[in-house]
Amino acid sequence: MIRQRADVRPDTVGWFSLERFTQETVLAIFLIVLIAVLSFIRPDFLQSRNVLSILLDSSHVAVAVVGMTLVIVAGGIDISVGSMLAVCAVVGGLLAQAGVPIPVALAAIVLSGTVIGFINGALVVWGGIPSIIVTLGMLSILRGAVVLVTGGSWIRNLPPGFYIGQARLAGIPVPILVAAVVVLAAALWLRYAPLGRYFYAVGANREAARLTGIPVKRIQMASFILNGTLIGVAALIFATRFSAIQTNSGVGFELLVITAAVVGGVSIMGGSGTVWGALLGVLLLNVIGSGLVFLRVSAYWFQAVQGTLILLAVVFDIVRKRRLGEL
């Protein structure tokens with residue numbers, strides 16, 4: 001069954017029933033209410049400077065969550081994205097520091113992600129190893145490689161042309177423009193392109209998809225390669241925004257990206273979810289993070305909020321699907 005949103009049966013549910021609301025709708029309402037409450041408590045919360053800061057902090061996460069959405073929708077998961085982000089950034093930084101032309105160094109950042117995504121996909125599809133095992137191992141391997149290559153030292157003194165993440169186009173920061181293009185293109189592709197719809201079919205029922213002639217293994221492989229490429233783009237945005245590349249970059253990034261996707265309505269069991277929902281998840285997490293700062297609440301509470309949101313999102317998804325007869 002190919003689906004992007006859960007089917008609603010109006011004849012069997014009331015107007016205010018849970019079944020009438022997709023997770024994206026609930027999330028959008030919650031996000032608006034949260035922003036209104038934060039603005040009421042702290043009127044300076046909606047100052048242009050803070051709004052811009054939230055959007056900039058969301059930009060590389062938004063690109064990464066598109067890749068994670070593709071993987072999860074197709075029935076897999078990738079928990080190596082944090083270490084992947086660090087490796088891609090370090091590769092680009094070291095090449096730029098060594099005097100390699102800037103365009104080549106920037107391209108290497110994205111290419112590194114593509115290669116790692118290919119390796120993850122090959123081990124899952126051709127090796128027959130569960131994606132959570134493959135990417136858990138890759139997470140440790142890549143993190144160890146970063147420390148080994150850099151010796152734990154930050155990469156500094158990068159050439160001026162490297163910092164394209166600090167550039168603006170028509171007054172809009174480049175990272176926000178890149179994220180907007182990636183999100184829009186992916187949302188339209190998944191919604192309208194036949195190949196995009198195949199991702200939902202594979203994630204919903206792999207055997208049924210195979211029997212209908214869908215190339216299941218190619219779709220799974222494509223999901224990991226595209227995810228790796230998008231993590232490379234996210235790393236490019238991340239690495240070129242700051243004056244140095246930290247070796248501990250991306251620690252906990254995988255939890256942030258998976259949380260945003262799941263909270264945004266991407267079913268952890270595969271087969272359903274939208275890029276728009278995942279984007280709402282990213283914005284919600286960054287609004288919460290910024291709100292905690294404005295309210296002078298310890299940043300340590302953010303992880304507790306993340307965990308709570310994951311549990312609430314999964315419970316909501318399961319309850320709604322059971323009432324719709326999908327489970």
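Relative accessible area sorts residues into classes: under 20% is buried, over 50% is exposed, and anything in between is partly exposed. The exercises below apply this and a few other cut-offs to a predicted model.

**Exercise 1. Describe how helix H3 packs against helix H4, and decide which orientation class the pair belongs to.**

Step 1. Begin with the two elements, helix H3 covering residues 81-97 and helix H4 covering residues 102-125, whose axes lie 8 Å apart and make an angle of about 150°.

Step 2. Since an angle over 145 degrees counts as roughly antiparallel, H3 is therefore roughly antiparallel to H4.

Step 3. As for handedness, the crossing in which H3 passes H4 is right-handed.

Step 4. On the H3 side the contact is formed by Met84, Val87, Cys88, Val91, Gly92, Leu95 and Ala96, while H4 supplies Ile102, Ala105, Ala108, Ile109, Ser112, Gly113, Ile116 and Asn120.

Step 5. Sorted by class, the residues of this contact comprise 11 nonpolar and 4 polar ones, with no charged residues.

**Exercise 2. Carry out the corresponding description for H4 and helix H5, and state which residue classes make up the contact.**

Step 1. Helix H5 spans residues 131-150, and its axis is 9 Å apart from that of H4, at a packing angle of about 145°.

Step 2. The crossing of H4 past H5 is right-handed.

Step 3. From H4 the contact draws on Ile116, Ile119, Asn120, Leu123 and Val124, and these meet Ser131, Val134, Thr135, Met138 and Leu142 of H5.

Step 4. The class count for the contact of H4 with H5 gives 7 nonpolar and 3 polar residues, and no charged ones.

Step 5. Comparing the two lists, one finds Ile116 and Asn120 of H4 named in the contact with H3 and named again in the contact with H5.

**Exercise 3. Classify the geometry of the ring pair Phe118 and Trp126, then that of Phe238 and Phe242, and add the accessibility class of each residue.**

Step 1. A pair of aromatic rings is described by two quantities, the distance between the centres and the angle between the planes.

Step 2. Rings are taken to pair if their centres lie within 6.5 Å, and planes over 60 degrees apart count as edge-to-face; by this rule the model has 5 aromatic pairs.

Step 3. For Phe118 and Trp126 the ring centres are 6.2 Å apart and the planes stand at 75°, so this pair is edge-to-face.

Step 4. Phe118, with a relative accessibility of 40%, counts as partly exposed, whereas Trp126, at 60%, is exposed.

Step 5. For Phe238 and Phe242 the centres are 5.7 Å apart and the planes are at 70°, so this pair too is edge-to-face.

Step 6. Here Phe238 is buried, its relative accessible area being 19%, while Phe242 at 35% counts as partly exposed.

**Exercise 4. Determine whether His60 is buried or exposed, and list which residues it touches when those up to four places away in sequence are not counted.**

Step 1. His60 belongs to helix H2, which runs over residues 48-73.

Step 2. Its relative accessible area is 10%, so His60 is buried.

Step 3. With residues up to four places away in sequence left out, His60 touches Ala234, Ile237, Phe238 and Phe253; of these, Phe238 is a member of the edge-to-face pair with Phe242 treated above.

**Exercise 5. Locate Gly265, and say which residues it touches outside the stretch of four places to either side.**

Step 1. Gly265 sits in the loop that joins helix H10 (253-263) to helix H11 (275-294).

Step 2. With a relative accessible area of 9%, Gly265 is buried.

Step 3. Although Gly265 and Thr22 are 243 residues apart along the chain, their C-alpha atoms are separated by 7.7 Å.

Step 4. Residues up to four places away in sequence again being left out, Gly265 touches Gln23, Ser272 and Gly273.

**Exercise 6. For Asn157 and Ala170, state where each lies and how its phi is described.**

Step 1. Asn157 has a positive phi of about 50° although it is not a glycine, and its place is in the loop between H5 and strand S1 (168-169).

Step 2. At 73% relative accessibility, Asn157 counts as exposed.

Step 3. Ala170, likewise not a glycine, has a positive phi of about 55° and lies in the loop between S1 and strand S2 (172-173).

Step 4. Its relative accessibility is 79%, so Ala170 counts as exposed.

Key. Residues numbered from 1 in each chain as written. Predicted model: local features only at pLDDT ≥ 70, side-chain atom pairs only at ≥ 80, totals over all residues. Heavy atoms only, no water. Axes fitted to C-alpha atoms, helices over the stretch in contact; angles between N-to-C directions. Parallel < 35°, antiparallel > 145°, perpendicular 65-115°, else oblique. Left-handed = near helix turned anticlockwise from the far one by under 90°. Contact = heavy atoms within 4.5 Å. Nonpolar A, V, L, I, M, F, W, Y, C, P; charged D, E, K, R; others polar. Phe/Tyr/Trp six-rings, centres within 6.5 Å; stacked < 30°, edge-to-face > 60°. Buried < 20%, exposed > 50% of the residue type's maximum accessible area, 1.4 Å probe, protein only.
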